[in-house]
Amino acid sequence: MKRLIERSRSVGEVLRWVTQNPGKVSASHYPIALHKLGQLLQQQPGPPAGAGEGRGPAGQVLEQPEFHALCQAIVSGCAKFDNFSIVNCLYAAAALGLPGESPLVRVLEDESRSRLGRFNQKDVSMVFSSEANNKALEAIFSSQLFYENRQERFIRSMAEWLPRKAENLTPYTMALIAKYVARHRLREPRLLDTIANFLLKRGEQLDSKVIQKLVFPFSRMNYRPSNHGELFPKLEAILEQKAGSSPLATVNILMSMFQLSHFPQTVLHQVFSPAFITNVMSSPYALIVRRYLSLLDAAVELEFREYSGPRLDPRYRVLMFEHALTADEANRKYSYKGLVAEALRQLVGEECYRQDQVLPPGYCTDFLLWINRSGTVLPLSRVPAASKAPPPTSPAAISLRSSVLALTSDLQDFAPVVLSVNDKWHYCQNSDILVGSRAMRDRHLRLLGYCLVQLPYTELEKVSGIEEAKHYLRQKL
């Protein structure tokens, strides 16, 4: 039966073999049939323009009575399937593109969820080793079951499996794993070190766009891989050769390295050179590269003072961000910032703080206040004008040196305090370690002379009501 299914040349043929021979079909045949359907549907041309929604490959299959019979057979028998067949059926359903609300997916996820305690490394690793399909891998990563349990048995199983199988994976597949790890902020050392070893062995063969995807999880999780002593110099050498081939990828890689406090001097000479800048300014992504270069230039001034090479021409400097981060805006309803804002308003008054103030070199702060030597929060009208953060559009906002000097001269009497509301998504998953971009922001603000007062969500979630919030802020300030 397995050979008959695998040799089928059409969707109808697969469905006939499975539905017309129920006595010869075992649990292991169902995922094979689902995978074969997915392969055959990928080979078919897409629906004509104007065909409407739901007419994609999966939609075509769902409409066939034989497919309903196949699904019903899986639904009816899955309680008796072994673990591997259950996981593989779910994997195949995800690869086929079946909607999450379909009865088949719901039953498979419920059955899988009830067996989480019994899944072992072999059950999951067999799926990966037997179905090395990039599209399917991406699909299973978006499955609700594995999303909900990414920090549990699935991730531990993948961490056991990946180091042994990495050499046989394509760069694209490894990039998908890196994307998944970064997206969900998974600070799992075995996964991150495996990606790093993959980079070390294959780096010369990869283009800059793939390298940036593989490097990003390290900075995202604020994690220096165990082989960084070898990996970072190798990445520098690769960037020296390929810096001009993909400027955006180059600055992305540099940003990741900077967030980990590694500053490749030779590459900086290249990206700040007139030739590189001229190339960038004529590209369609000129603005985003200018923003990244401006932040890199600021990081050089603040953290790499021994650097003596070329710097970014001041006329090209812009603020990295002009407003709150997209992630913060998207998660606003889950943020504690609203609670802190109201408590702060009642505690010190609206005239004593600024919310979402953008400070050079382009960091958006949650709340900016000024405090004198006796610990009193001052109305902004009493703060010397030279000390106030300039508006984001002014040329002075781009000059770090003038900002540092202005702050330093007034620190004898006044201290800027930045209240930082660190919500759950600002940390690595199930960790008290801030993601790399947030950690670098904090380093830079401190080096600019600001005093950071951290308000972590683990403390804020224990606060009940506005009066407790005001008491909490009073203690912090």
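Is Asp-356 buried, exposed or partly exposed? Asp-356 has a relative accessibility of 26%, so it counts as partly exposed. The value comes from a predicted model. Asp-356 is found in strand E1. Its backbone deserves a look too. Asp-356 has a positive phi of about 55 degrees, although it is not a glycine.

Now step back to the whole chain. The protein chain has 25 helices and four strands. It runs to 477 residues, and 52% of them count as buried. Take the contacts in the chain with a separation of 6 or more: 73% of these are between residues 24 or more positions apart.

Return to strand E1 and follow the chain onward. Pro-361 lies in the loop between E1 and E2. A cis peptide bond joins Pro-360 and Pro-361, with omega at about 5 degrees.

Arg-185 also has an unusual backbone angle to look at. Its phi is positive, about 55 degrees, although Arg-185 is not a glycine. Arg-185 sits in the loop between helix H12 (171–183) and helix H13 (189–202). Is Arg-185 buried or exposed? The relative accessible area of Arg-185 is 12%, so this residue is buried. The cut-off for buried is under 20%.

Next come the other two strands. Strand E3 (residues 414–422) and strand E4 (residues 451–456) run parallel, and six bridges join them. One of the bridge partners is easy to find: Val-417 is matched with Cys-451 in E4. What do E3, helix H23 and E4 make together? With helix H23 (residues 436–447), the two strands make a right-handed β-α-β unit.

Turn to the aromatic rings. A pair of such rings is described by the distance of the centres and the angle of the planes. The structure holds six aromatic pairs. In one of them, Phe-263 and Phe-304 are stacked, at 5.3 Å centre to centre and with 15 degrees between the planes. Phe-263 is in the loop between helix H16 (247–259) and helix H17 (265–271), while Phe-304 is in the loop between helix H19 (286–303) and helix H20 (326–330); the pair therefore ties together parts that are 41 residues apart in sequence. Phe-263 counts as buried, at 17% relative accessibility. Phe-304 is buried as well, at 7%.

A second pair has another geometry. The ring centres of Tyr-353 and Phe-367 are 6.0 Å apart and the planes are at 70 degrees, so this pair is edge-to-face. It links distant parts of the chain: Tyr-353 is in strand E1 (residues 353–359) and Phe-367 in strand E2 (residues 363–372), 14 residues apart. Tyr-353 is buried, with a relative accessible area of 9%. For Phe-367 the value is 0%, and it is buried too.

Some rings also gather into a group. Which residues form one aromatic cluster with Phe-263 and Phe-304? The other members are Phe-258 and Tyr-307.

Now look at the interior. Nonpolar side chains tend to be buried together in soluble globular proteins. Here the largest nonpolar core has 70 residues. Among those with the most contacts inside it are Leu-199, Leu-214, Phe-258 and Phe-272. Which helix gives the most to this core? H19 does, with eight residues. The core also draws at least three residues from each of domain 1 (174–318) and domain 2 (326–476).

Phe-272 is a good place to stop inside this core. Leaving aside residues up to four places away in sequence, Phe-272 touches Ile-277, Leu-293, Leu-296, Asp-297, Val-300, Tyr-307, Pro-310, Arg-311 and Leu-312. A second, separate core has 29 residues, including Val-18, Phe-67, Leu-90 and Leu-104.

One last stop is Leu-162, found in helix H11 (residues 153–165). Leu-162 counts as buried, at 0% relative accessibility. What does Leu-162 touch, not counting residues up to four places away in sequence? Its contacts are Leu-169, Met-174, Ile-177, Leu-191 and Thr-194. Take Met-174 from that list. Leu-162 and Met-174 are twelve residues apart in sequence, and their C-alpha atoms are 9.5 Å apart in space.

Notes:
Residues are numbered from 1 along each chain as its sequence is written. This is a predicted model: local features need pLDDT of at least 70, side-chain atom pairs count only at pLDDT 80 or more; totals for chains, interfaces and linings use all residues. Side-chain values use heavy atoms; hydrogens and water are left out. Rings of Phe, Tyr and Trp (its six-membered ring) pair if their centres lie within 6.5 Å; planes under 30 degrees apart count as stacked, over 60 as edge-to-face and the rest as tilted. Buried means under 20% relative accessible area, exposed over 50%, partly exposed in between (1.4 Å probe, protein chains only). Contact means heavy atoms within 4.5 Å. Two strands pair if DSSP finds at least two bridges between them. A crossover is right-handed if, with the strands pointing away from the viewer, the path from the first strand over the helix to the second runs clockwise. A nonpolar core is a set of buried Ala, Val, Leu, Ile, Met, Phe, Trp, Tyr and Cys residues joined through side-chain atoms within 4.5 Å. Domain bounds come from an automatic or database domain assignment.
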